[in-house]
Amino acid sequence: MGSSVNTQTLITRLVAACVLLGISACESNPDSASAATAAGSVATKTRGRDSASGRGGRQAPTITLAPGDLATVAKETIEEGTPITGDLNPIETVDVRARLEGDLLGVYVREGQHVSAGQLLARFDASEQQSGQESALADRASARTDLATAQWNLEQSAELFKAGAIAERDYKVARQAVDAAQARLAASEAKLRTASLASRDTRVLAPTSGTIGARTVEQGERVARGTSMFTIVRNEILQLAAAVPARQANAVRVGQTVHFVADARSFEGRVARVSPTIDPTSRSITVYVDVPNATGQLKGGTFATGRVVSRTLTGVLTVPTAAIRQSQDGGHPFAYRLEANTVDVAPLQVGVVDERLGKAEVISGLSLGDRVIVGNVGTLGRGMQAVILGAQEPGRPRGASNR
């Protein structure tokens, strides 16, 4: 009993002694605890500044980009060519006019209707022409009879002249009668041809296949000779006439492919003709492009824009033209490239520019797979940090929460 009390008393005294020693140490150095706390705080702040500073010790500016503000350098096929613009017009427009004067008994086509070559468009009253043709037929029959009689007389006169039964004068008269009969027959045949043509012209036929563009006559109307009756448009092939600057004339040749856009659709044509002379006023040449239009998708007068392809480049490094910028010191091209989300400036050497695709050939300055900034996204500079909206943070699985 006594020993246990002594042991408990001893432990209590030892604890009290330790407490007194700690109080004494604090009284001898009162700034030690606060100094340790301050040192830890300073170390923490220093690490924070170092992590948020650039190489120069200052905070690097940042810019926020959308995924659409970036493009990747890739290998593509592009075309080099000469741009052209102009209106697409039918390759041929035929004006059908009246070949005679008369009354129209019928008009059988209207605007927008497709017609074939030889199709009946209208018909005149042909009674007068039929009478003329019948009269010409009768004249030809009479002339043939007269010629046959004159030839028989000439044969008889020739035999009598050889026998000495008639004078030479009578023989010559018989021969002249044959010549006159032949002339009358020729005249009657010419008259018959004229009458036949007049009778044929009472039927107005389509001279070519195409579409009726205009109809200017009506049934029952009296039409004078030479009056325009119909306009037939051949639109199975359209033609684009475009002016090309003289400095680009040598790049355009007959047979080259032309890619163009009309009515928000893409079409293809061929260079059919090239003007041999330069217009002294505009200093340009005219290029004629034939565009197949068998289905009639394109209409005459449609505005088209495109390019004459001079050569095609396959598998070349390309970059969007919107990513190419011009420096203020001499206008040298460059692009803003992202390296680990840090903006860098890449001087470029650019080759062929395909305006149709909006791509340019990169000869030097960028590599396959490089990311470049396109369009106007604000002020950019080397060393800026880029934050890509929707991009996954390194080391963090997609969908993880920030805790």
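**Confidence**

I began with pLDDT, since this is a predicted model. In the protein chain, I found the lowest confidence in helix α2, residues 32–51, with a mean of 34. The highest is in strand β6, residues 120–124, at 96. I then checked the stretch around helix α2: pLDDT is below 50 over residues 14–56. Beyond near neighbours in sequence, residues 14–56 have five contacts in the model. I noted a second stretch, residues 394–403, where pLDDT stays under 50. For residues 394–403 the model has five contacts beyond four places in sequence. For the protein chain, the average pLDDT is 82, and 82% of the residues score at least 70. Where pLDDT is low, I do not read the predicted coordinates in detail.

**Open sheet**

Next I looked up the sheet that holds strand β6. I traced four strands in the order β7-β6-β4-β9, forming an open sheet with antiparallel pairing. Which strands stand at the edges? They are β7 (203–205) and β9 (222–223). Each has a single partner strand, so one side of each is left without a neighbour in the sheet. I followed the pairing of β9 with strand β4, residues 102–107: two bridges join them, and they run antiparallel. In this pair, G102 of β4 stands opposite V223 of β9.

**β11, β12 and β13**

I moved on to strand β11 (residues 257–262) and strand β12 (residues 265–274). They run antiparallel and are joined by six bridges. I located H259 opposite E268 in β12. How many residues lie between β11 and β12 in their hairpin? I found two, and D263 in the turn has a positive phi of about 55 degrees. Strand β12 also pairs with strand β13, residues 284–292, through four bridges, again antiparallel. On that side I noted R270 opposite D290 in β13.

**β5, β8 and β10**

I then took strand β8, residues 210–215. Two bridges join β8 to strand β5, residues 114–115, and the two run antiparallel. For H114 I looked up the bridge partner in β8, which is T211. Four bridges join β8 to strand β10, residues 228–245, also antiparallel. The bridge partner of R215 in β10 is F230.

**S157**

I picked S157, which is found in helix α3, residues 127–163. Is S157 buried or exposed? I read a relative accessible area of 12%, so S157 is buried. Leaving out residues up to four places away in sequence, S157 touches I166, Y171 and A174. I also checked the C-alpha separation from Y171: S157 and Y171 are 14 residues apart along the chain, and their C-alpha atoms are separated by 5.4 Å.

**K359**

Last, I looked at K359, which lies in strand β19, residues 359–364. The relative accessible area of K359 is 19%; the cut-off for buried is under 20%, so K359 counts as buried. Which side chain makes a polar contact with the side chain of K359? I found that of E76, at 2.5 Å. Not counting residues up to four places away in sequence, the residues that K359 touches include E76, I78, T318, V319, P320 and T321. I also listed V352, V353 and D354 among the residues touched by K359.

Technical notes:
Residues are numbered from 1 along each chain as its sequence is written. This is a predicted model: local features need pLDDT of at least 70, side-chain atom pairs count only at pLDDT 80 or more; totals for chains, interfaces and linings use all residues. Side-chain values use heavy atoms; hydrogens and water are left out. Two strands pair if DSSP finds at least two bridges between them. pLDDT is the predictor's confidence in each residue, from 0 to 100. Contact means heavy atoms within 4.5 Å. Buried means under 20% relative accessible area, exposed over 50%, partly exposed in between (1.4 Å probe, protein chains only). A polar contact is a pair of N or O atoms within 3.5 Å; within protein, one must be able to donate a hydrogen and the other to accept it, and residues adjacent in sequence count only if both atoms are side-chain atoms.
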